[in-house]
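User: I am new to this structure and would like a short tour. Could you show it to me before we begin?

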Amino acid sequence: MLAYLTEEALEQCIRTAIKEDIGDGDHSTLAAIPEDAQSRAQMIIKDDGIIAGLEVAKRVFNIVEPRLKVSLKKHDGDHVKFGDIALIVEGPVRGILTAERIVLNFAQRMSGIATRTHRISQLIEGTNTRLLDTRKTTPNVRIMEKWAVHIGGGKNHRFGLYDMIMLKDNHNDYAGGIRQSVTATQKYLKEKGLDLRVEVETRNLEEVKECLEVDGIDVIMLDNMQPDMMREAIALIDGKCQTEASGGITEENIREMAETGVDFISVGALTHSFKSLDISLKAF
């Protein structure tokens, strides 16, 4: 189980979305639909891709209206195609209608992220490089977006600022250099009794060499480096630390980047530049 994916966190995220959408009531539904009306609806896939957000859909329906019964016809991570039925929900019509948009908003976006993650992962298949996400997520729904990356076959990087040390260029520049930044970090971790992985961003080979002169670094980030420089950096590092490529990564060049032997490639576009999957919920 992913550490951030707790029932408490999921419910909080969903209830915030429900409160945002429903406010003091779904007045359209309350006005038009009798309280005792019962029926069913099906979630229809209108794109090819990887479905995600179905477990979320079940939770949304059941929080909005506990009497709703949800039957999954597909499961998170499945390949889907146009015309597939992902789930069927039946019970009080008011509950179906009130939950509809929240369910679709989560499912469309999570499926879009999972689909893009899967596609990019395939581009580096056969290498030893793993695809990472970033913190470039939508505020308040990071849990859903990172979960979607996982469903799509990617690996989650740190969830937030609290679960890993990442010393980026600004940290190092403000601290007076990589050596000073890492030394201060090791002192801080010892004083606070924290056991966190440490990653340091580098922009050139000189900074890579500076990283290798200090202890306590787990990962060296190779930021915006061209493949030739990256190969040279990886040769210098020689397995002393793990390596991550970041910046300037596209679907066109990611294979070449992976073939340098880098351990990880992080792609912010997984969660900030995806295309939502077209999905609808229809009565039947």
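Analyst: The exchange below covers the chain as a whole, then its core and its cysteines. This is a predicted model, in which local features need pLDDT of at least 70 and side-chain atom pairs count only at pLDDT 80 or more, while totals for chains, interfaces and linings use all residues. Residues are numbered from 1 along each chain as its sequence is written, and side-chain values use heavy atoms, with hydrogens and water left out.

User: How many helices and strands are there in the chain?

Analyst: The chain has 11 helices and 12 strands, taken as DSSP runs (H or I, at least four residues, for helices; E, at least two, for strands) and numbered from the N terminus.

User: What share of the residues is buried?

Analyst: Of 284 residues, 49% count as buried, meaning under 20% relative accessible area with a 1.4 Å probe, protein chains only.

User: Which residues have the most contacts inside the largest nonpolar core?

Analyst: They are Met43, Leu87 and Met144, in a core of 79 residues. Such a core is a set of buried Ala, Val, Leu, Ile, Met, Phe, Trp, Tyr and Cys residues joined through side-chain atoms within 4.5 Å.

User: Which helix gives the largest share of this core?

Analyst: Helix H4, residues 93–123, supplies 11 residues.

User: On to cysteines: how many disulfides are there?

Analyst: The count is 0, a disulfide being a pair of cysteine sulfur atoms within 2.5 Å. For Cys241, the nearest cysteine sulfur belongs to Cys211, 7.3 Å away.

User: Why does Cys241 count as buried?

Analyst: Cys241 counts as buried because its relative accessibility is 14%.

Technical notes:
Buried < 20%, exposed > 50% of the residue type's maximum accessible area, 1.4 Å probe, protein only.
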